[in-house]
Amino acid sequence: MGSDSEAEKTQQKEKERKKMLAIAPIAKPLAGKKLSKKTLKLVRKASEHKCLKRGVKEVVKSIRRGHKGLCVIAGNISPIDVITHVPILCEEAEIPYVYVSSKEDLATAGATKRPTCCVLVLTKPTKGELAIEEQEKMKADYSQIVSDVSELTSSLF
């Protein structure tokens with residue numbers, strides 16, 4: 001019985017190792033396990049409240065239109081040229097961005113079946129309004145993650 005769980009653990013570690021090897025060299029700042037988990041949780045909440053833009057095309061359009069938020073980019077995109085312009089746009093618009101290890105995890109958190117390159121978590125929904133308590137909770141989570149990301153970014157440079 002113990003060997004089954006041991007085999008599963010080994011398989012899980014191998015999967016994690018492959019994920020880390022697939023990450024592009026430009027994926028900086030890359031979120032650690034804890035920050036990644038928090039970020040994906042925020043993406044999931046944003047998806048439920050319709051405060052999320054999915055995919056490179058939508059994200060770029062939103063940034064150019066002046067929407068503010070947190071940009072979450074997958075680190076295992078191939079070819080990397082697809083997303084190389086997104087961090088530059090984010091920096092110009094003063095939007096914080098962070099890389100997570102996998103596009104599959106990002107898609108799962110964003111409630112889509114297809115792997116997603118990047119998402120933009122908006123500070124408020126594009127249509128309609130949120131309940132005040134929901135908006136406050138989301139803003140608190142958002143500001144916590146943004147501060148963690150800015151801390152991570154400042155330690156890099």
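This is a dialogue on how to read a predicted model of one protein chain.

Visitor: Where should I begin, and what secondary structure does the protein have?

Guide: Begin with the inventory. The model is predicted, and its secondary structure comes to six helices and four strands. Along the sequence the order is α-α-β-α-β-α-β-α-β-α.

Visitor: What radius of gyration does the protein have, and what would a compact globule have?

Guide: The protein has 16 Å, and a compact globule with 157 residues would have a radius of gyration near 15 Å, so the two agree. Taken along the principal axes, the C-alpha atoms fill a box of roughly 50 × 35 × 30 Å. The accessible surface is about 9900 Å², and carbon and sulfur atoms account for 54% of that area. Of the 157 residues, 40% are buried.

Visitor: Which share of the contacts joins residues at least 24 apart?

Guide: Take the contacts between residues at least 6 apart in sequence: 83% of these join residues at least 24 apart.

Visitor: How do I read the sheet, and in which order do its strands lie?

Guide: The general idea comes first. Strands of a sheet pair through backbone hydrogen bonds, and the pairing is either parallel or antiparallel. In this structure the four strands form an open sheet in the order β1-β4-β2-β3, with mixed pairing. At the edges are β1 (52–54) and β3 (97–100), each of which pairs on one side only. From one strand to the next, the twist averages 20°.

Visitor: Which helix packs on the sheet?

Guide: Helix α3 (residues 56–64) does, touching β1, β2 (69–74) and β4. The direction of α3 makes about 40° with that of β4.

Visitor: How many bridges join β4 to β1, and how many join β4 to β2?

Guide: Strand β4 (residues 118–122) is joined to β1 by three bridges, and the two run antiparallel. Five bridges join β2 to β4, also an antiparallel pair. For individual partners on the β1 side, Lys53 is bridged to Leu120, and Leu52 to Val121. On the β2 side, Cys71 stands opposite Leu120. Leu120 thus appears in both pairings, with Lys53 and with Cys71.

Visitor: Are the faces of β4 covered or open?

Guide: In a regular strand the side chains alternate between the two faces of the sheet. In β4, Cys118, Leu120 and Leu122 are on one side, Val119 and Val121 are on the other, and all are buried. Both faces are therefore covered, and the count for the strand is five buried residues of five.

Visitor: How many disulfides does the structure hold?

Guide: The count is zero. A disulfide needs two cysteine sulfur atoms within 2.5 Å. For Cys51 the nearest cysteine sulfur belongs to Cys71, 15 Å away. The sulfur of Cys71 is 3.8 Å from the closest cysteine sulfur, in Cys90, and that is too far for a bond.

Visitor: Are Cys51 and Cys71 buried or exposed?

Guide: Cys51 counts as buried because its relative accessibility is 0%. Cys71 is also at 0% and counts as buried.

Visitor: How do I read the backbone angles, and which peptide bonds are cis?

Guide: Most residues other than glycine have a negative phi, and most peptide bonds are trans. Exceptions are worth listing. A cis peptide bond joins Lys28 and Pro29, with omega about 5°. Pro29 sits in the loop between α1 (2–21) and α2 (33–48). Another cis bond runs from Ser78 to Pro79, with omega near 0°. The loop that holds Pro79 lies between β2 and α4 (86–92).

Visitor: What is the phi of Lys50, and what is that of Ala111?

Guide: Lys50 has a phi near 60°, a positive value in a residue other than glycine. Ala111, also not a glycine, has a positive phi of about 60°.

Visitor: Where are Lys50 and Ala111 found, and are they buried or exposed?

Guide: Lys50 is in the loop between α2 and β1, and its relative accessible area of 61% makes it exposed. Ala111 is in the loop between α5 (103–109) and β4. At 58% relative accessibility, Ala111 counts as exposed, since the cut-off for that label is over 50%.

Methods. Residues numbered from 1 in each chain as written. Predicted model: local features only at pLDDT ≥ 70, side-chain atom pairs only at ≥ 80, totals over all residues. Heavy atoms only, no water. Pairing = 2+ DSSP bridges. Axes fitted to C-alpha atoms, helices over the stretch in contact; angles between N-to-C directions. Contact = heavy atoms within 4.5 Å. Rg over C-alpha atoms; globule rule 2.2 N^0.38 Å. Buried < 20%, exposed > 50% of the residue type's maximum accessible area, 1.4 Å probe, protein only. Areas by Shrake-Rupley, 256 points an atom, 1.4 Å probe, with all protein chains shown as cover.
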